[in-house]
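Here are my quick notes on this one, jotted down as I went through it. Have a look at the structure first, then read on.

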Amino acid sequence: MKSYKDLDIYNLGLELFYLSHSYSLKLPKYEMYELGSQLRRSSDSVPTNIVEGYGRKRYKADFIKFLTYSWASCLETVFHIEKITKLYPDVIPNHEELINRYNELSAKIFNFIKYVEENWRT
């Protein structure tokens, strides 16, 4: 692994961020800076924390801490998507697929955390 860009969790997180961001911009104006902002921030936090954690990979505990932040942000993002789907059903037409992809990413991040905990050498 030469870079965080080699991590599947980073690439998937970034791809899902772009999707979530575009959906957040379709919310009504009065939600753009409320629920839309929450979705944008949580979905951005997933790959961003992977990058920051990777930058601290020399310190195993820091790496795990930021991966955990990323995992938590993934869960938060699913929650925001679920709220948007309930309040504005037409904004994210394929919300089940998006939620499933975030759940898959969440599992991958969780498994990577376990891998780092058990195998990472600094």
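1. Charges first. The chain carries 17 positive and 16 negative charges, and their mean positions sit 7 Å apart. Keep in mind that this is a predicted model, so everything here is computed from predicted coordinates.

2. On the surface side, the accessible area of the chain adds up to about 7000 Å². Carbon and sulfur atoms own 52% of that. As for what is tucked away, 44% of the 122 residues count as buried.

3. Fold content is easy to summarise: 5 helices and 0 strands, which reads α-α-α-α-α from the N terminus on. The radius of gyration is 15 Å against the 14 Å that the globule rule gives for 122 residues, so the chain is as compact as a globular protein of that length. If you want box dimensions, the C-alpha trace spans about 50 × 25 × 20 Å along its principal axes.

4. What share of the contacts with a separation of 6 or more comes from residues 24 or more positions apart? For this chain the figure is 73%.

5. One residue I'd zoom in on is Asn49, which belongs to helix α3, residues 35-55. Is Asn49 buried or exposed? Its relative accessible area is 11%, and the cut-off for buried is under 20%, so Asn49 counts as buried.

6. Who does Asn49 touch? Setting aside neighbours within four places in sequence, Asn49 is in contact with Phe66, Tyr69, Ser70 and Ser73.

How values were computed:
Residues are numbered from 1 along each chain as its sequence is written. This is a predicted model: local features need pLDDT of at least 70, side-chain atom pairs count only at pLDDT 80 or more; totals for chains, interfaces and linings use all residues. Side-chain values use heavy atoms; hydrogens and water are left out. Helices (H or I, at least four residues) and strands (E, at least two) are DSSP runs, numbered from the N terminus. Buried means under 20% relative accessible area, exposed over 50%, partly exposed in between (1.4 Å probe, protein chains only). Contact means heavy atoms within 4.5 Å. The radius of gyration is taken over C-alpha atoms; the globule rule is 2.2 Å times the number of residues to the power 0.38. Accessible areas come from the Shrake-Rupley method with a 1.4 Å probe; for residues, only the protein chains shown count as cover. Lys and Arg count as positive and Asp and Glu as negative; His and the chain ends are not counted. The place of a charge is taken as NZ of Lys, CZ of Arg, CG of Asp or CD of Glu.
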